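Student: I've got a model open and want to talk it through. Can we go over it together?

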Amino acid sequence: MSKKLVGLTVALTTLSTALAGCGGGGDSASGAGGDEIVIGAFSPLSGPAVSASSGIYATKAALDKVNDAGGIDGHKIKFIIKDDQFDPAKTPGVTRELVETDRVSMLCGPQGSVPFGAVKDYLAARKIPTIVNAGAPTLAGEYSYLVSSPFDGVGAMLAQFAVEDLDIDKVAIAYSDDALGTSARDGAVRILEADGLEPLGEIKYDITATDFSSQAIQLKATGADFVSIPAAQANVAGLVINAAEKIGYKPIWGLSYAAQNKTLVDVTKGAIDGRAYFATPYITEESETGAEYAATLAEYAPDVEVNSGATIAGYTIGELCVDVLTKAVEAADGEVPTSAQIQETLSSYTADNDYIQGIDWSDEPDGAAAAQILQLKDGKYVESKPFAPLP
Amino acid sequence: MELLQTSLILGVVVGIVYSLSGAGLVVIFRTSGYISFTQGDIAAVGLFVGLAAYNSGAGYVWTALLVIAVSTLVGGLVGALITVPLEKHGHLPAALSTIATALIISGLLNLTVGGDPRSFPEVSRSEALSILGVQMSWSDVAGVLVSASVFIGLGVFFSRSRMGVAMRAVNDNKLAGELLGVPDRRLKLVSWTVAGALSGLLGLFVAPILSLSTVSVNTLLVFGFCAIVIGGFDSIFGALVAGTAIGVMTNLTSTYLDPNLVPTVLWASMLLVLLVRPNGLFGRRKLVRV
Amino acid sequence: MTAALEVRELYMTFSGVDALSSVSLSVPQGTWMGLIGPNGSGKSTMLNVLSGLYKPRAGAVVVSGSDLGRVPARSRIKHGVCRTFQHPQLAASLTILENVMVGAVRGRGASADDETGLQWLARLGCAEYAEHLPAEVPYGVQKRAEVARALISEPSLLLLDEPAAGLSARERAELVAALREVREVLPDLTLCLVEHDVGLVASVCTELAVLSAGKLIAHGPTDEVLADDAVKLAYLGSRSTT
Amino acid sequence: MTTTVDRPTADPGSAPRRRRRLSDRAATTTGRGRVGARLATLVVACLAIFAFGQSSTPAIKYAVILSVVYAIAVLGNNAVLGLLGEMNLSSGVSMALGAYAFCYFANDGMGVVAAAVAAVALSTALAAIVAIPTTRLQGIFTALATFALAYAIPTLAIYMKEYTGGDEGTPAPFDFEIFGQLVSGSTTGMLVAALVVFAVLAAASLLMLNAAPGRAALMVGESELAGVTNGFNPRVIKVLVWTWAGFAGAVAGVLYALTVGFIGPTGFGFMLGVWILVGGVVAGARSAWGALLGGLFVGLVPVELQSYVPAEGTSIVFGVILLLALLAGGNGLAQWIERIGLLIKERTFGRKKVDA
């Protein structure tokens, strides 16, 4: 008996060592020390949240464009994307792989507030800086830098737009009881109160619900002419809007870049065309810079939806990463920068360029302090109010 | 007051959809004694085929018929090829095989059509009538009417037709079906086919509201489960009443309590009903045979 | 001396139909009583009431002087009541001996060890199957194992539910021999035997009770009851009337 | 009086001495008996997992650790599945309870060990309370009630955000050290801690299965009527089995929190309960060491599979594996491995010697 057990143990151990060899050995040579700048990100490439991954493909397009133009001072960027399925139990695993096996020097555009929340402390402990593609203000930290405007400001800007530009004082808010939803609500309330108003209703919804008729009824009962749902993703915003319009309630809708994509237009069957406004810190496809963006995307990521908020955000982050890395390479005298050098660049970085306005990470590592208002008109997003600082 | 009555009316409308989701499950439970976890995926296959036809120019009626036809076929195939043969190992493996089928179908759908939600055609969004100040679209009216006729049809089927009576008997006693001249296996296949058709029909009402994705019909399944548990497993009528009650209850919970408590309230009320009436509100009390 | 089993005015109703109606009988200690009657006459119902699985609508069940009305089924083994089932109820993953020893855990023979269990199995003629699983042994052995499990709990009242149902002629003969062995070893045991095979009942029991449509129509010494006209009528039923 | 029925294994002439011992064949089909060999297998399996984890990349090691954590939940759920034959879809709920309570206590200033003990105690008590109504149900009713509960957990966690951190989740202790070893993430300390806890619980469940508690649970699970008439209280026994499952789930939840270093509501969706159940079915509901296979099925296979199958299609592979397991009789991989082992043993030593 014991002899067989020993045999079995040896066999299993050999097998496991062999398996481990297959898994790990391969890519270790291509890590740090070469000519490449190795950076990474995680994203839901599969699973229920897969539609959010357009952002990472856009980030990659921005980096590919630079690589094809010769890289940064001769250094090519190696961008490694891992799939975490938007599942915070999987995120730490793939992040460890990026940091410990692939030895990335920074993360560029990993997606999702909750997944990033699961690794924020780990990355800080490993001193790996990250430019995060997510909106929760609590994610900002010593090593994590936000690009997207804080939802507090987005909510405030939409409320301000309704009251001052559309001249509507009957405003209601719909929100989910999470970090994004509540901060957007608080921002809107703050602005309304400053104008001596108050929201006619603050209606809560559950993003996983199958029935939004209760919210529709409550919104209709407020009698508001402008309903703001700043933090909603397109699919949820679509369900809320559909439920309301179904019972004959057709207000003007205030949304943000989170809902700015074809899913919303498709799900609502174009019913809100002309009645939907989006607060976003990102460029439009129609703008001058947007033309270059669209051309790059058409070349490097042709399958990705061009005028989606998530895609534009991802691309912008890619452009920012290039800018940051360029400065870091300069600081490293033309060599591949270390994580510490990138972190140093980030901690004093400001951006006021074609793609993004109002970033000053030397002060706080939070997102763009400026945004514009777009209107959905004939299926296109057109500028309704130009870039302005968030109220 | 208007808030309350609107909540009630819309609760009934959505509750009837829940009931319909329960009805398909009851049909399978009646003959087999377990629950299918794969009905939502069967519906999704039908809906995506239907949507493809619609996008290439088929009218709504043809689209709807195609959805039901495909769901019927897929439902029948899943029952005939996978689940019913596995019953020889017991109810638990058979029920688990429906989970396996659900995983396979959803994987295939994710590979082929992807995860993006998209809109699905409906009967008509224009207003048909107004009840107590609540507007109802033609889709709502069609949903209520079709569901009502399905429930009446199933009720008549189970109480009048030879096969329906045999279906009722077969779960209690294997021989009963044989005595009525309908073989056990055929009854089960018929129930899977009918359940497939019902899930396709359900999908036609769900997809326009929730938008069509690989999981949209599935998310309703838990409400169907609760409807039949609360209504009583072998009672089609019970599913109707309980589904409607759940629709109203969830709507009121969402309006007056907190939307994030809806699933918890659902679970608690289900447990409560089971404790007071273990066979559901309208289920027959079964005698323990010793 | 108190009777081993006394049943007073027992009523049991299923959805409005009386399955047992005003049944009263008294069985002295050490008596082996056969409970017979046509299908649906209430025999099994009676056994289920005695073992506590059914709650009667009215009436009392008194065993060795104590009223079991409020004693749940699971506690009756402590009062010396134990039973077998028409279809053997053995745990499929426990060996025959382990199944037998289950009777000792909560029964009155808590001190019984494996040797006692083996002894009972040997007396019932199935010791060699002790370490087999129920699915591996003949049906007759499964039924006798249930008897052994009941006996190891040291019951004063043993209820056997159709122990011969489904057995071959040879297995029936083995069962009768086994039951006679039991009577020799435990002369004080009171037995209530529900069985279709009247011949088998008559060869084992000294008393017979006859149920028909929920009513007790006869109770007395075996030969007297078998000669009773009412019993013949009830048993031969429609055949005698045609 | 001797029986004349022809049974090849019946041999009245040489009655074995230890009558309770199961034959190898019976031991394989029931998952009982051969305690010594099974304990040895358990230890070997744990050592093999340790060797595999140690020799892997940090990411694979992390997945292995999570697999061992899931294996603990599978182990608990297997008691409900294997002993009572009930379908429990709420193992993820027990994990969520344990994990949330642990983080709450730890973030509240309690020491890590004290927080873990308090969390497991609280979760086990809650599991017992929920088990009281749940065990009144049977079969498919149990499955649906636990399904509805599992479905409710993520939104309930958001509702109770004061304690759970809502959608943003809550951090778990990530600097806990024991014997100078850091127990967090993909450290060796974490791997050893998870394996030791698993081994202890698996050994306990193996021993219990072969002792009085296991026999009582089997009696009630496989033949409730006989259990009742022989003096067992099925409700009490069922509540105890479910409480054990809740306890194991809570332990897994605590270790999960330590491993991941963070918990959020989306990690505890109803699919987690489905996976844990399916892991038990695929690996074998009666096998203590088999629970490790179940854990790997839940924790490692999905990660590894992505290298060979497009990520969107991995669920197809899972569905097919589950179907194959069910077609093979639903007894699980562990039993098939034991059967093959038995076959080899019989071939090597001859049938007679093996049975004696």
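Student: Leaving aside neighbours within four places in sequence, which residues is Ile229(A) in contact with?

Tutor: A quick note before that: this is a predicted model, where local features need pLDDT of at least 70, side-chain atom pairs count only at pLDDT 80 or more, and totals for chains, interfaces and linings use all residues. Residues are numbered from 1 along each chain as its sequence is written, chains are lettered from A and ligands numbered from 1 in the order written, and side-chain values use heavy atoms, with hydrogens and water left out. Contact here means heavy atoms within 4.5 Å. With the neighbours within four places set aside, the partners of Ile229(A) are Ala174(A), Tyr205(A), Val240(A), Ile241(A), Trp253(A), Gly254(A) and Leu255(A).

Student: Which helix gives the largest share of the core that Ile229(A) belongs to?

Tutor: A nonpolar core is a set of buried Ala, Val, Leu, Ile, Met, Phe, Trp, Tyr and Cys residues joined through side-chain atoms within 4.5 Å; buried means under 20% relative accessible area, exposed over 50%, and partly exposed in between (1.4 Å probe, protein chains only). In the largest core, with 242 residues, those touching the most other members include Ile229(A), Met95(D) and Phe268(D). Helices are DSSP runs of H or I with at least four residues, strands are runs of E with at least two, and both are numbered from the N terminus. The largest share of this core, 19 residues, comes from chain D's helix H3 (residues 58–84).

Student: Is H3(D) largely enclosed or exposed?

Tutor: Count its buried residues: 26 of the 27. The helix is therefore, with respect to the rest of the structure, largely enclosed.

Student: Where does H3(D) bend?

Tutor: The bend at a residue is the angle between axes fitted to the seven residues ending there and the seven starting there. For H3(D) that angle is about 30°, and the place is Asn77(D).

Student: What is the phi of Asp167(A), and where does this residue sit?

Tutor: Asp167(A) is in the loop between helix H5 (151–165) and strand E6 (171–176) of chain A. This residue is exposed, at 67% relative accessible area. Although Asp167(A) is not a glycine, its phi is positive, about 60°.

Student: Which chain A residue forms a salt bridge with Asp140(B)?

Tutor: A salt bridge is a side-chain nitrogen of Lys or Arg within 4 Å of a carboxyl oxygen of Asp or Glu. The rule finds three across the interface of chain B and chain A. For Asp140(B), the closest N and O atoms are 2.8 Å apart, and the partner is Lys246(A).
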